[in-house]
Amino acid sequence: MTTATLQAEPQPVARVARTYLNERTTIASWLLTTDHKRIALLYMVSITLFFLIGGAAATLMRLELLTPQGDLVASDTYNKLFTIHGVVMVWFFLIPSIPTVLGNFLLPMMIGARDVAFPKINLASWYLFMGGGAFAVFSILSGGVDTGWTFYTPYSSTYANGHVIAMATGIFIAGFGSIATGLNFIVTTHKMRAPGMTWMKLPLFVWSLYTTSIILVLATPVLAITLALMALERAFGVGIFNPSLGGDPLLFQHLFWFYSHPAVYIMILPGMGVVSELITCFARKKIFGYQFVAAASVAIAVLGFLVWGHHMFVSSQSIYAGMIFSVLSFMVAIPSAIKVFNWTATLYKGSISFHTPMLYALGFIGLFTIGGLTGLFLASLAVDVHVHDTYFVIAHFHYIMVGGMVMAYLGALHFWWPKITGRMYPEWLAKLAALSIFAGFNLTFFPQFILGYLGMPRRYHVYAPEFQVLNVLSTAGASILALGYFLPLGYLLWSWKYGKIAGPNPWRATGLEWTTPSPPPKDNFDTTPIVTEGPYEYDPRATEAELRAAHA
Amino acid sequence: MPEIALAPVEHQFENAEQQREAATMGMWVFLATEALFFGGMFLGYTAYRTYYPEAFAEASRHTLVAFGSINTAVLLISSTVMAFAVRAARMNRRGLLSILLLVTASLGTAFLVIKGFEYAREISEGLLPGPKFHIETSDPVHAEMFFYLYWLMTGVHALHVTIGVALIGFFALRAWLFDAFRDHDTPIDLLGLYWHFVDVVWVFLFPLIYLAGRHS
């Protein structure tokens, strides 16, 4: 009897580590959490839902474009589909994606902090995001908007059908969520770094989040006031952008692109930061030219504010303005190329292994390069007149946004998944997914370069019959792409429960986030770390076998 | 500086100094976004005034410069009082702090009341853009654009003043009833920054709106 009690006694206490996940488990503890790691997961669930909405709209569009006639949806429905796809993917998936999910999760850990500077504002940003999302979903369900994601006036403010004001309100509110995130990241990076964590020891992912945040904080308020003015014009006839009331629609385009072009860099810079982390880890090498890669992020952020007019080459803006904007747009290629060359130089003589995150990182480099170089075509005044508003533009920015940012997001998700959940994902399935996404993506969007060059305009649901072959290829690619996206949705959820236990550092990566248990405890570190080394002290001699041993 | 704040340090910070620095920087970043928010409207103003200088000058002469001038004085004085309030908080003078905050809030309220009377006069004179808009100028269409911008910019500014007054009144009560800022003056500091920002926006609005047509 006594022995039994004695033996039974220690068992229940047996070591379940206290992590941020099991510390408290009520629903309220999630909805009211101020823990940056939990907020990251709230964002992850939310943006996944929005990705499905945006993806569904894209699916219907690609199905419609299988045939030259408008046989699946009417033109009006098609207009609403591409508006939903654009609005949801830009503001409710891409812009929040890496910053709010992986940035929130990793930024404090990477700089050795217990949390971001303002945890309550961090939670508030999620509620603002969801509030904005609710307006957007309401707008979609109650009939949609047919303006395109750009809301050009006077169409949006005067003539468009549908719930433009609700949609603009949604973006307005979600924008303040973005600002809150950006503000938090800036102050956190400045003021919360652990002792010894100097600016030149920051992981490049932190640099990219920091520069992204500066854009978020300075550009988003301009979008807010622009959409507010557009909505006021629609609701009360305030004529700031209305030519019949003395206003100038071009002013709307200037203000809109003053936000929306920097927003492109909001979407790509965090992806570049992720790739810098992945390349170094899976090449087992220090990044080549750390200072240049970091400074390139700053340069992209600064130059990104000066190129908005390249969206308006055919809008009747002055030809001299067009020339200046063209030159400035070419200049963005310099820091972008610095990054690509430095990643390539990092790979050189590295000890490369092809785990799933690395596949995504390599995919990013190739696709981003194609997207970036075709951007130069579009930045050339004369070529842009030819391909403006064609599928060439669509293909170009999808190579950046999907080939770049979504690949980086998925790469990051796989790389830090063991840190987030404490479990490994199934490697071979993940590789299959990565390869189908890469193949599906190229099959979807490469034909669109040709379509655009041949003159197929964007935003039409009918097209000339000679374009059908390329459109069928594109739709076929999209279905492979969709399969590729559904795979991680399935196996990542599965691995949350059944994946192999990962341990604190399955990749033998450097970086402070790998020095804590997986999943991390609520306060990240038992004691505040003291930083003495740079972020990428990899040993090139560490081999694949050693890495495999770390998994076992 | 013997008056290092002894506020409760939230768990993410190492010490009170870090907390104070972070909060102050956060406020400055927030004010940067505010500047860009107003910036969109200022850009609109600049663009249209460049296109239609005559119409804007004429329209500007229809504004009620006496109201605007008095309001400028009211707001500048309120900002001065706010600066004293920040000092009082740093010196832990609870009673003085509450009174100075109340004076600031009252001046802010006075600004809003005067602005309200100004708006009422303008509506009765037909200067509210819309179907009833009426103005005796050579270019009424673009004079109306001036008044769109006038109502928008002063309206958004008044909204910021209203938020400021509410916060300052609330902080005055907290200071008076709970001695909330003893050895913890950062919130008052940040409130002061916000209030000065609102003041500075008006300092730009005043000449652009009331004086654009009066120098010649």
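Trainee: How many residue pairs are in polar contact across the interface of chain A and chain B?

Mentor: The rule finds 12 such pairs, with both residues at pLDDT 80 or more. A polar contact is a pair of N or O atoms within 3.5 Å; within protein, one atom must be able to donate a hydrogen and the other to accept it, and residues adjacent in sequence count only if both atoms are side-chain atoms. Please keep in mind that this is a predicted model, in which local features need pLDDT of at least 70 and side-chain atom pairs count only at pLDDT 80 or more, while totals for chains, interfaces and linings use all residues. Residues are numbered from 1 along each chain as its sequence is written, chains are lettered from A and ligands numbered from 1 in the order in which they are written, and side-chain values use heavy atoms, with hydrogens and water left out.

Trainee: Which elements of chain A supply two or more residues to the side that touches chain B?

Mentor: They are helix H6 (119-141), helix H8 (164-191), helix H9 (204-236) and helix H10 (249-283) of chain A. Helices here are DSSP runs of H or I with at least four residues, strands are runs of E with at least two, and both are numbered from the N terminus.

Trainee: How are the residues on that side divided by type?

Mentor: There are 25 nonpolar, 6 polar and 7 charged residues. Ala, Val, Leu, Ile, Met, Phe, Trp, Tyr, Cys and Pro count as nonpolar, Asp, Glu, Lys and Arg as charged, and the others, Gly among them, as polar.

Trainee: What area do chain A and chain B bury between them?

Mentor: About 2800 Å², with 71% of it on carbon and sulfur atoms. Buried area is the accessible area (1.4 Å probe) that two parts lose on being put together, summed over both. In chain A, the residues that lose the most area to chain B are A:Arg114, A:Lys191 and A:Ile225, together 20% of what that side buries.

Trainee: What makes A:Arg114 and B:Glu14 a salt bridge?

Mentor: A salt bridge needs a side-chain nitrogen of Lys or Arg within 4 Å of a carboxyl oxygen of Asp or Glu. The closest N and O atoms of A:Arg114 and B:Glu14 are 3.4 Å apart, and the pair qualifies. Across this interface the rule finds 2 salt bridges, and over all chains the count comes to 13.

Trainee: Which residues of chain B are linked in a network of salt bridges?

Mentor: B:Arg20, B:Arg90, B:Asp185 and B:Asp189. One of the pairs is B:Asp185 with B:Arg20, at 3.0 Å from N to O. B:Asp185 sits in the loop between helix H5 (140-178) and helix H6 (186-210) of chain B, and B:Arg20 in helix H1 (residues 16-51), 165 residues away. Another pair is B:Asp189 with B:Arg90, at 3.2 Å. B:Asp189 lies in helix H6 of chain B and B:Arg90 in helix H3 (residues 65-90), so this bridge ties together parts 99 residues apart in sequence.

Trainee: Why is B:Asp189 called buried, and is B:Arg90 buried or partly exposed?

Mentor: Buried means under 20% relative accessible area, exposed means over 50%, and partly exposed lies in between (1.4 Å probe, protein chains only). B:Asp189 is at 17%, so it counts as buried. B:Arg90 is at 25%, so it counts as partly exposed. B:Asp185, at 4%, is buried.

Trainee: How do you know that B:Glu118 and B:Lys115 are about one turn of the helix apart?

Mentor: Both lie in helix H4 (residues 94-124) of chain B, and they are 3 residues apart. Their side chains meet in a salt bridge with 3.0 Å from N to O. B:Glu118 has a relative accessible area of 0% and is therefore buried; B:Lys115 is buried too, at 2%.

Trainee: What makes the span of H6(A) close to the expected one?

Mentor: The expected span is 1.5 Å times one less than the number of residues. H6(A) has 23 residues and reaches 33 Å from its first C-alpha to its last, close to the expected 33 Å.

Trainee: Which residues does B:Leu190 touch, leaving aside its neighbours within four places in sequence?

Mentor: B:Leu190 is in contact with B:Ala23, B:Thr24 and B:Met27, where contact means heavy atoms within 4.5 Å. B:Leu190 is found in helix H6 of chain B and is called buried because its relative accessibility is 15%.
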